Amino acid sequence: MQTEWNWKIEAKTRWFHWNLKELWQYKDLLNRFVRRDLIANYQQTVLGPFWIFLQPVLTTIVYWVIFGKVAGISTDGIPPVLFYLPGVIVWAYFSDCLNGTMYTFLQNSALFSKVYFPRLIIPLSAIFSHTVRMLVQLLLFTSLYLFYLIFTNAVHPNLYILLLPFFLLLTAAFSLGAGLIISVMTARYRDLDYALQFLLRLFMFASPVVYPTSIVPDKYRFIFWLNPLTPIIESFRTAFFTTGPLHYKYLLLTLFSITALLTTGLTLFKKRELNVMDIV
Amino acid sequence: MTRIMIKAENVSKYYNLGKLGSGRLREDFKDWWVRSVLKNGNNHNGTETRSHIWALKDVSFEVSEGEVLGFIGNNGAGKSTLLRILSRITAPSYGTVMGNGRVASLLEVGTGFHAELTGRENIYLNGHILGMKKKEIASRFDEILDFSGVEKFIDTPVKRYSTGMYMRLAFAVAAHMEPDILIVDEVLAVGDAEFQRKCIGKMKEVSSQKGKTVLFVSHNLQALQNLCQRVIVIHQGQIVDEGEPEAVIGSYLKKEKNISCFQEYDDMSSAPGNDSIRIKRVELIPEYVNGQQVIDIRTPVTIHFEFWYLEATSGNLIVGVHLYNFRGDFIFDVCSEGAIYPSGLIEGKCSIPGNFLNDDSYYISIVFVKDTTNRLYYFEGCLSFDVEDYRKNTAWFGKWQGFVRPAFPVTLTTK
């Protein structure tokens, strides 16, 4: 009697069975999906990949005019363009990643109903392709920053800059964790979609994208800092502009909450990835 | 003992029906509220209680290395659900499947093709989706290109391809993957005859020369009979028959095609047919003698049919009767003499004498042809019947050979 089997399909998927080894075997596919996203997105556009630059530039200009000039919101003495860009880049990265992952099952049901591969590849590929875009935008920020650093006396960097990859990793992990949880839910409840897009817009204004944390009244400040994006964006600015001390405590809290969210997301996703296909 | 590649044990799958899981949060919440909080499981404002259908129930089987196993069954019998479970697209509700080796399933050609990408990009994309590694695709790239015959357009986005080119490219990728276990579902249903021939040829090659295990669902019974070493019949989610293809397919067909020896339609609009022909009645009438109950080799049978002829234009109408046995052999083709008929109800009959057919299972198709070549309608498998054996004065009880069994006298005389 044969007892050794390469693989096994069971009715109940186990909790915490993430099977990361299998994920590694599909790295070529991941790679290919990222490529597909990047190529297909800019087919038949006039400006092509140039849009990656144009989006944050246009957004920054709009924010500068509306929130800076018209509403007169403080930028903590940082040159407005440099003040808005980190918020715009981090926010766009977060919301693009979230939007790219939270419809995983809805948008790929045709593919998922025909072939097996670890479903996690799809949300991961969305994260990766948005990371590429984000890095390109970061290049834009860096060149502007260097310009100000060399020709003016308006910006002061410090060593926390080295933590930048960590901040961005946190952002990615946050959107992936949330996106995985939401993807399982949107598969079943499509009306969540409308509520989510609305909430996402509100959430932007709950994060220090167009204003500095310093204008938040003291009594709300603690709640405000509980938003994982707040320490990320604020620390980003702290690192490049030395606006104040780095808020270690809030960063650690964010690290903790994002880790918890990502773990929950991965677990739920892996647990439900097959069953979800019956209800999409 | 040969290696077992797949072992399925009591695989079952049910789907929920009714209002539960309506896909709307409010409905689901209401349902949950009614069931769990109010403890009122039955009826609340017409909310249906949970009911489900079994798509598969306690299906167990084994497949050994190099075996080609076919699945047949009606639409909705559960074949596709089974393949989906084996391909890990959906999870079973109960039961387990264990296996060895790499599985590739081909439930569709061109899965994941992206219209905006070029043929080259799509070969890689599709290959990876099907589970191939980059190296494997690169090493077979030329072969794939050759097989597909779209070399000239390989750097053109596939949205500019014709359907035929698209299909050829998609199948070329699929044909060049080399898994240990290949799962194929109805891929052959699409595409033209040439394409199907190519598919079957490739599958035969994969199984016989390379010793791969193949699981295959098709409605093309001829293909199944040709390719498979073993066939499983699934009916309403359960395995009802299993074994050597010829026997299993024969008995399956007999059950499936056994529509009756009588069909009648009063309403012309719902009757089988088309704008030219509508069937009113077909009937098989045996002429029993001496209290016979069943048709045996001595029984003459007459096929009666009535149809509405709706094609008013002139032209010679010919009605042909085709007789097949259930292994698919064409026994005979007889037809009426061509003549011009007015539109309206037409009756016809065809008599098959006794002592002519061998004992077997048969089905009849009726073909309506105009002007020799223009086929108006083909009423396929409309009647079916069994001819039982009957023997007298013989010591031989094995299968009597031959398609027909006429009582031509064979006489011997001593000289």
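**View 1. T299(B), a buried residue in a loop of chain B.** In this predicted model, T299(B) is buried, with a relative accessible area of 6%, where buried means under 20% relative accessible area, exposed over 50% and partly exposed in between (1.4 Å probe, protein chains only). The residue T299(B) lies in the loop between β11 (277–286) and β12 (301–309) of chain B, strands being DSSP runs of E of at least two residues and helices runs of H or I of at least four, numbered from the N terminus. Apart from neighbours within four places in sequence, the contacts of T299(B) include Y288(B), V294(B) and P353(B), contact meaning heavy atoms within 4.5 Å.

**View 2. The largest nonpolar core.** Of its 124 residues, F33(A), F117(A), F141(A) and I123(B) touch the most other members; such a core is a set of buried Ala, Val, Leu, Ile, Met, Phe, Trp, Tyr and Cys residues joined through side-chain atoms within 4.5 Å. Helix α8 (residues 164–188) of chain A gives the most to this core, with 13 residues.

**View 3. R197(B), an exposed residue of a helix.** R197(B), placed in helix α6 (residues 193–208) of chain B, is exposed, with a relative accessible area of 54%. The C-alpha atoms of R197(B) and A223(B) are separated by 9.5 Å, although these residues are 26 apart along the chain.

**Notes to the views.** Residues are numbered from 1 along each chain as its sequence is written, and chains are lettered from A and ligands numbered from 1 in the order in which they are written. Local features need pLDDT of at least 70, side-chain atom pairs count only at pLDDT 80 or more, and totals for chains, interfaces and linings use all residues, while side-chain values use heavy atoms, leaving out hydrogens and water.
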